[in-house]
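Reader: I'm new to this one. Could you walk me through how to read it, feature by feature?

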Amino acid sequence: MITEELFRTDSYLKECDARVVGINDRGGIILDRTVFYPTGGGQPGDTGVLVRENRDEIRIATTIKGDGDENVIHVAVEGSAMPAPGETVTARLDWDRRYAHMRMHTCLHLLCAAVPFGVTGGKIGADKSSLDFDIGDGNLDKPAIEAEINRLVAADRPVGARWVDESELDANPDLVRTMSVQPPRGSGSVRLLEISDVDLQPCGGTHLARTGEVGRVEVGKIENKGKRNRRVNVTLAAM
Ligand SMILES: [Zn+2]
């Protein structure tokens, strides 16, 4: 059973009605549709509640991807009462946490655009996030990176996702050349996240609609992670 991923087309949905289609053998709850993002691409899985018809709440500790057909698994806190297959629930996000992830994820794409080196890793958190870069024998100028990110925030560029066929990528090699990360191949289509005039890359995460919503960004410590690798930490000002 493939769960319909409503967050892929509208990352601002805070809740949805859904039907329980199954409980897997590890106690994960499978719904027919959901607003919960499963851990992936450096972005943590969503937390929240499933509200039953009798108003009881099942607290969701995290959301993950499974194997095969289980693309979204809602993991309840231990000891929770389980819903029955066929039951209707309201799936409601811990929105403040998710929105913080959206601000951070879009912020990291701006960081990616502000640093002219390849990304080797990344981590998104509600309070602090980071990207790792292979800088070769180059170096990083922290105040310049911070100024460039905040310039891109102030420019309030639109952010949007679109699906493209691999055949379209093959027909437009320039499109691939402009991407900061090479698109994965083999699934037929690729989800591209575009920050207009700023950044284009394959990404499955949940993003803001405009860069202005990121707000003021501070670049924290730049950590040495080996001869060529640097970790750039970012935090966001309170909204
Ligand atoms: Zn991304």
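Reader: Let's start with the two domains. How much area is buried between domain 1 and domain 2?

Author: The general idea goes like this: an interface's size is often quoted as the accessible area lost when the parts come together. Keep in mind that this is a predicted model. Here, the area buried between domain 1 and domain 2 is about 1,100 Å², and carbon and sulfur atoms give 46% of that. In domain 1, R8, Y12 and Q43 lose the most area to domain 2, together making up 47% of what that side buries.

Reader: Where does the chain get divided into domain 1 and domain 2?

Author: Domain 1 covers 4-93, and domain 2 covers 98-236. Taken over C-alpha atoms, their centres are separated by 27 Å. The contact takes 12 residues from domain 1 and 17 residues from domain 2.

Reader: Now the sheet. In what order do the strands of the open sheet of 4 strands come?

Author: First, the general bit: strands of a sheet pair through backbone hydrogen bonds, in either a parallel or an antiparallel way. In this case the order is β9-β10-β15-β14, and the pairing is antiparallel. β9 (118-123) and β14 (217-224) stand at the edges with a single partner strand each, so each has one side left without a neighbour in the sheet. From one strand to the next, the twist averages 25 degrees.

Reader: How many bridges pair β9 and β10?

Author: β9 pairs with β10 (residues 129-134) over 5 bridges, in the antiparallel sense. To find your place there, look for V119, which stands opposite F133 in β10.

Reader: Which helix packs on the sheet?

Author: That's helix α1 (residues 95-114), which touches β9, β10, β14 and β15 (229-236). The direction of α1 makes about 135 degrees with that of β15.

Reader: And the metal: which residues coordinate the zinc ion?

Author: For background, ideal angles at a metal are 109.5 degrees with four tetrahedral donors, and 90 or 180 degrees with six octahedral ones. In this model, H105 (NE2), H109 (NE2) and C203 (SG) coordinate the zinc ion at 2.1 to 2.3 Å. Along the chain, the donors follow the spacing H-x3-H-x93-C. H109 lies in helix α1, while C203 is in the loop between β13 (199-202) and β14, so this pair ties together parts that are 94 residues apart in sequence.

Reader: Is H109 buried or exposed?

Author: H109 counts as buried, because its relative accessibility is 4% and the cut-off for buried is under 20%. C203 is buried too, with a relative accessible area of 11%.

Definitions and conventions: Residues numbered from 1 in each chain as written. Predicted model: local features only at pLDDT ≥ 70, side-chain atom pairs only at ≥ 80, totals over all residues. Heavy atoms only, no water. Pairing = 2+ DSSP bridges. Helix = DSSP H or I, 4+ residues; strand = E, 2+ residues; numbered from the N terminus. Axes fitted to C-alpha atoms, helices over the stretch in contact; angles between N-to-C directions. Contact = heavy atoms within 4.5 Å. Donors = N, O, S within 2.8 Å, 3.2 Å for Na, K, Ca; no water. Buried < 20%, exposed > 50% of the residue type's maximum accessible area, 1.4 Å probe, protein only. Domains from an automatic or database assignment. Buried area = accessible area lost by both parts, 1.4 Å probe.
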